[in-house]
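Please open the model in your viewer and keep the sequence panel beside it. The tour below goes from one selection to the next and says what is to be found at each stop.

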Amino acid sequence: MNTLKKRNPSCWIALRLMIARLLVVVAAGAAVVACTPDLTDAEHVQKAREFQGKGQVQASVIELKNALLKNPKNLEARALLGQAYIEIGDGAAGEKELRQAVDLGMPAQSILRLLAQAQLLQGDYDDLLEESSEQIDDLAPAERAELVAIRGHALAALSRFDAAGEAYDSALALESASREARLGNANLALLRGDADKARKLADELIADAPDFGRAWVLLGDLERLTGNMQKAEEAYTRSIGLHANNSYDFAQRAFVRIQLEDYDGAKADIAAVNKARPGAVEGAYLEGVLQFKQGKFAEAQVALENAVSR
């Protein structure tokens, strides 16, 4: 600019005037933004609820974080943020927010089911079984049925299949249409190696509740485990269409797409996993598998080492 000033003073003056005008415009824009009234924490929570109603969980998380910046003691925001993290598939973050809500005064009974879901996502089965036994009898029948079924999931994961079956029967006795318990029975059949029974129960559940995304996930798992990768992809895709925020669905579809050599599709799913859960082991692991399948061994090693370090 010094050279321009020396060689052509008129151009230099014109440039300075243009910069000055631009600065005025920027300052005016900043003033408009600054004059926009801040939302209260309650208004952020309301916006979060609206986003959740539209299935936009990530946008809801942002609003809830804004609410907590305004008022860290907003119990509703804490509980909703915990629930949103669980919907995304981040059990650790969900549990953290729920426990903070209880510490701030929220009745522990009101978040028993959500806390159990968060612990289930993390594989904290023993803690889930111990903590969820407290105050369970005080819950309404429908909510108690769901919590009993979640306990069944934990027992099944611990290979305590008979106890898991008893839990699902108890849940169905409380709520005969319990989707959670019916899902558990189908999954239990799969774990016991009875693929035909698992498929029958999953098909019946989907027929009765076609909008139950996790039933489609189970069907996808069943198809994947029996080698039907194309059908598995279709089932995971149906699930994602119903609750597009769950990183598990994208991770499973990514794995299936890698097997089908749909590398672009797998890459998009891995990106969705990383967006929902930044730093998650699954994202790095799947990236490693994807690179390996494409013969990019150096990149695969880096990604897998990254997964191990997380």
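The stops that follow begin with the whole chain and then move through pairs of helices, single helices and single residues.

**The whole chain**

Keep in mind from the start that this is a predicted model. With the whole protein shown as a cartoon, you will be looking at 18 helices and zero strands. Of its 310 residues, 41% count as buried, and among the contacts with a separation of 6 or more, 49% are made by residues 24 or more positions apart.

**Helices H4 and H5**

Select residues 57-70, which form helix H4, together with residues 75-88, which form helix H5; their axes come within 9 Å and cross at roughly 155 degrees. Since an angle over 145 degrees counts as roughly antiparallel, H4 and H5 are therefore roughly antiparallel to each other. The crossing in which H4 passes H5 is left-handed. To see the contact itself, show side chains on the H4 residues Val57, Gln58, Val61, Leu64, Lys65, Ala67 and Leu68, which meet Ala77, Arg78, Leu80, Leu81, Ala84, Tyr85, Glu87 and Ile88 in H5. Coloured by class, the residues of this contact divide into 11 nonpolar, one polar and three charged.

**Helix H8**

Move on to residues 125-132, helix H8, and show Leu128, Leu129 and Ser132, which are the buried residues of this helix. They cover an arc of only 95 degrees around the axis, and so they lie on the same side of H8. Add helix H7 (112-122) and helix H9 (141-157) to the selection, as these are the helices against which the buried residues of H8 pack. If you then turn to the other side of H8, you will find Asp126 and Glu130, which are exposed.

**Leu147 in helix H9**

Stay with helix H9 and select Leu147, which lies in it. Because its relative accessibility is 0%, Leu147 counts as buried. Leaving aside residues up to four places away in sequence, Leu147 touches Leu112, Arg113, Ala116, Ser132, Ile136 and Leu139; Ser132 is also one of the buried residues of H8. A distance drawn from the C-alpha of Leu147 to that of Ala171 should read 8.2 Å, for two residues that are 24 apart in sequence.

**Two loop residues**

Now select Ser159, in the loop between H9 and helix H10 (161-174). Its phi is near 65 degrees, a positive value in a residue other than glycine. Most residues other than glycine have a negative phi. Ser159 is exposed, with a relative accessible area of 52%.

Glu261 can be viewed in the same way, in the loop between helix H15 (247-259) and helix H16 (263-276). Glu261 also has a positive phi near 65 degrees without being a glycine, and at 55% relative accessibility it counts as exposed.

**Helices H12 and H13**

For the last stop, select residues 195-208, helix H12, and residues 213-225, helix H13, which pack at an angle of about 155 degrees with their axes 9 Å apart. That angle makes H12 roughly antiparallel to H13, and H12 passes H13 in a left-handed crossing. Show Ala195, Ala198, Arg199, Ala202, Asp203, Leu205 and Ile206 on the H12 side, where they meet Ala215, Trp216, Leu218, Leu219, Leu222 and Glu223 in H13. By class, this contact of H12 with H13 has 10 nonpolar, no polar and three charged residues.

Notes. Residues are numbered from 1 along each chain as its sequence is written. This is a predicted model: local features need pLDDT of at least 70, side-chain atom pairs count only at pLDDT 80 or more; totals for chains, interfaces and linings use all residues. Side-chain values use heavy atoms; hydrogens and water are left out. Axes are lines fitted to C-alpha atoms, for helices over the stretch in contact, and angles run from 0 to 180 degrees between N-to-C directions. Helices (H or I, at least four residues) and strands (E, at least two) are DSSP runs, numbered from the N terminus. Angles under 35 degrees count as roughly parallel, over 145 as roughly antiparallel, 65 to 115 as roughly perpendicular and the rest as oblique. A crossing is left-handed if the near helix is turned anticlockwise from the far one by less than a right angle, and right-handed if clockwise. Contact means heavy atoms within 4.5 Å. Ala, Val, Leu, Ile, Met, Phe, Trp, Tyr, Cys and Pro count as nonpolar, Asp, Glu, Lys and Arg as charged, and the others, Gly among them, as polar. Buried means under 20% relative accessible area, exposed over 50%, partly exposed in between (1.4 Å probe, protein chains only). The arc is that of the directions from the helix axis to the C-beta atoms.
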